[in-house]
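Q: Hi! Could you walk me through this one? I'd like to go over the metal site, some helix packing and any odd backbone spots.

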Amino acid sequence: MITRREFLAASSASLIVSAVGSRTEQGSDRPWYETMRRCGQLNLNEQDPKTLDVASWIDYWASLKLDALLLNGGGIVAFYPTDVPYHHRSEFLGSRDLFGELAAATKARGMRLVARMDCNYAYEDALKAHPEWFERNADGKPRPHGESPWLFKTCMFSSYFTEQMPAIYREIGARYPVDGFFTNGWPSTGDLTVCHCENCQRVYREQVGATPPDRVDATNGYYRRYYNVYMDRVLDVWRRWQAVVTEKRPDAVYVGNLGGGIRTVKNVKRLGEVARWFNADHQGRAGDTVIWDCAQQGRVAQSVMDGRAITNVTGAYSNSRPTWRHVSKAPAETIMWMAQTAASGMVPWFHWLGGAPEDTRWKAVGRDFFAWLAANESHFRNRRSVADVAVLYPQRTIAFYRSGTKPGNWRGAERAQTAEYLHGLYYALLEGRIFFDFVHEDNLRAETLSRYRALLIPNAAYLSDDHCQRIRAYVAGGGSLLATFETSRYDEWGDDRFDFELGDVFDATSGDVAAPTGNSYMRIESRHPALAGFEETALLPGPEQRVAVRARGGDPASATLTPLTVVPSYPAFPPEMVFPRTLRTDQPAALFRQVGRSRVAYFPGDIDRTFWRSGNPDLGLLMQNTVRWLRGENRPPVSLEGDGIVEAFAWETEPGYALHILNYTNPNMTRGFVRKFYAIGPQNAELRVATGRRIRDVRALRASRAVPFTQDGDVVRFDVPGVTDYEVVALT
Ligand SMILES: [Zn+2]
């Protein structure tokens, strides 16, 4: 818990830090992976040792000007003559030491080498010799791989992770000049697995109390305990492996496999604390996943890494549904994925499978993009985001949330629904051209929040007392707040508080959650800046779900305004029946209040989710207007105006500033793959630079041309020329 006084003290301390620049250091005192900008990976298969042409592959990767190359060491299959028992040598290795050849060639070209490992499966001979290494079903049977059933799933709680994998790391580290180790598929950010091996049964008995449910169910006390035990084990293994790989090489690194975009279950904040390097294995999209899924991944990773190393993998192959591992992804889609990676401050990692490709179309796509990145490298060295609006990343709500109307346990499909609140707010911010960062709910430190003028909370229903106290302190210290629907109604595990923990901040008391209804409305009772553009209507579309609330009126210092009230749902069919039974209620649909510098907007309805589901732009405009009102008289530090749907990032960089614009204006924006770009016209930009900073040059790096600009005090204005796929405007 923090008091307001501590908050203010921390705020002023952080202002001093940012004034002198907290991340100016570069080079020798930072580990190599903190300064890398380009990664590549050739993912070998068991047959590759028969034919792999090392020289031509290393030529290709060197042409991408990589800082680091990932190549298969071992785990499931060893690509070198291993002496570790039950470490399966490639059947086709013969007398070759393929990893050794690749390692020597990689280092000869000045690239860092990361051994790509897999700790998740092993062969039957290992199963026979070490049955305790493997996961078991409830009937005691091992778990074969779904597509390659001669491999069996290893158990994270077994000594496979604490003895066998370290033995392999040590062998590779002793023989080859390896700068790091990466494990495919582990730990991931997805669901926990429940295993019935003897080790796990003991864990359940001694640490959990009983076998936990095998699905996400935060209502279950055993699940809650298992979640913590499971996270503790992941972090323990991660730390052990980091210690093993640095035994001989202090600058070596272990990197696990994370990702999952916004739909994570494992606590990414805790993972971020142990990770020296966060790799997002978020290689592409499938089905109706939106194009900005990659930039969103970047924001999640940034919300826990605070500027430390983050990579994101781009699959050069077609990782759609179905997946094709051996043909290229549409080039335009690949470019947009890498562009989002770079724009959101992550390092692109370009990935191909198999050493003998029959489709080589992907090669030029990666080479051209990486060559451009390399030519402009300094402008991708970010110090900090320029955005002054934060969006709370409500991880526990997305992972665990179930409102009273939703029965049963769920997995993926339902979790996609718990992310809809954030999706709706996110899209409103993109349409409104509002620059923002994610802040993880477990990272609500005063020094983090003090950078932001406003904090936006898309239905963080599950928040701990500590989360709420930090949010309360932020508002008390002058920060503005937007929150929706059931925010803070439950504790961090979903136990109902029957009222908002943040009710004093919202000035609202919670009643029941109404079942989802259509054809309800919000009535405009009085004019307010958040209602700009709605002068010709008395009604706005009502959210599908809402909490019945009443204003508490508890704070004499600030009158709460309720310019919108609820018009309850009435039949939408047949037309003869379509008339309101209750024209007007005194139930607030929005509560706005102002205390000093702080402005608070609370919407009892799920305007974010309803916006996402319905696409009705009134709800988007309402959120955009509200964010502008939250800002008060403060001008945003960066703005961008023009036609098109874009996502933009602004960074303070080592040489100056960079404005990144991703052009999503495309018929394949919400269903892949992008096959062609549709250029947008000039974009009018304004960026506030540090006081006293004189900008001498503004340059569009994709268009490769100078951009005319004016500087008036600390405000720099310029027109970005049209954007085809992606533009980065560098100010120096
Ligand atoms: Zn087990």
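Q: Which residues coordinate the zinc ion?
A: Happy to help. This is a predicted model, and in it the zinc ion is held by the SG atoms of Cys155, Cys195, Cys197 and Cys200, at 2.3 Å.

Q: And what arrangement do the donor atoms make around the zinc ion?
A: Tetrahedral, because the angles subtended by the 4 donor atoms run from 98 to 120 degrees.

Q: What spacing do the donors follow along the chain?
A: The pattern is C-x39-C-x1-C-x2-C. Cys155 and Cys200 link distant parts of the chain, 45 residues apart. Cys155 sits in the loop between strand 5 (151–153) and helix 6 (159–175), while Cys200 belongs to helix 7 (residues 198–208).

Q: Let's stay with helix 7. At what angle does it pack with helix 8?
A: At about 110 degrees, and the axes of helix 7 and helix 8 (residues 221–245) are 10 Å apart. That angle makes the two helices roughly perpendicular.

Q: Which residues make that contact?
A: From helix 7 there are Val203, Tyr204, Gln207 and Val208, and from helix 8 there are Tyr222, Arg225, Tyr226 and Val229. By class, the contact of helix 7 with helix 8 has 6 nonpolar, 1 polar and 1 charged residues.

Q: Changing topic: how do helix 15 and helix 19 cross?
A: Their axes come within 7 Å and cross at roughly 75 degrees, with helix 15 covering residues 420–431. So helix 15 is roughly perpendicular to helix 19.

Q: Which residues touch there?
A: Helix 15 brings Glu420, Tyr421, His423, Gly424, Leu425, Tyr427, Ala428 and Glu431. Helix 19 meets them with Asp608, Arg609, Phe611, Trp612 and Arg613. The contact of helix 15 with helix 19 divides into 6 nonpolar, 2 polar and 5 charged residues.

Q: How does helix 19 sit against helix 20?
A: Helix 19 (residues 607–614) and helix 20 (residues 617–631) have axes that come within 8 Å and cross at roughly 145 degrees. The crossing is left-handed.

Q: And which side chains or backbones should I look at there, by residue?
A: Look at Ile607, Asp608, Thr610, Phe611 and Ser614 in helix 19, which meet Pro617, Leu619, Gly620, Leu622 and Met623 in helix 20. In the contact of helix 19 with helix 20, 6 residues are nonpolar, 3 polar and 1 charged. Asp608 and Phe611 also appear in the contact with helix 15.

Q: Now the backbone. Which peptide bonds are cis?
A: Two to look at are Arg321 to Pro322, with omega near -5 degrees, and Phe573 to Pro574, with omega near -20 degrees.

Q: Where are Pro322 and Pro574?
A: Both are in loops. Pro322 is between strand 10 (317–318) and strand 11 (324–328), and Pro574 is between strand 22 (564–567) and strand 23 (591–595).

Q: What about Lys65, what is its phi?
A: Lys65 has a positive phi of about 55 degrees, although it is not a glycine. Lys65 lies in the loop between helix 3 (54–63) and strand 2 (68–72).

Q: Why are these spots worth pointing out?
A: Because most residues other than glycine have a negative phi, and most peptide bonds are trans.

Technical notes: Residues are numbered from 1 along each chain as its sequence is written. This is a predicted model: local features need pLDDT of at least 70, side-chain atom pairs count only at pLDDT 80 or more; totals for chains, interfaces and linings use all residues. Side-chain values use heavy atoms; hydrogens and water are left out. Axes are lines fitted to C-alpha atoms, for helices over the stretch in contact, and angles run from 0 to 180 degrees between N-to-C directions. Helices (H or I, at least four residues) and strands (E, at least two) are DSSP runs, numbered from the N terminus. A crossing is left-handed if the near helix is turned anticlockwise from the far one by less than a right angle, and right-handed if clockwise. Contact means heavy atoms within 4.5 Å. Ala, Val, Leu, Ile, Met, Phe, Trp, Tyr, Cys and Pro count as nonpolar, Asp, Glu, Lys and Arg as charged, and the others, Gly among them, as polar. Angles under 35 degrees count as roughly parallel, over 145 as roughly antiparallel, 65 to 115 as roughly perpendicular and the rest as oblique. Donors are N, O and S atoms within 2.8 Å of the metal (3.2 Å for Na, K and Ca); water is not among the atoms, so sites may look incomplete. Four donors count as tetrahedral if all angles lie between 85 and 135 degrees; four count as square planar and six as octahedral if opposite donors are over 155 degrees apart and all others between 65 and 115; anything else is irregular.
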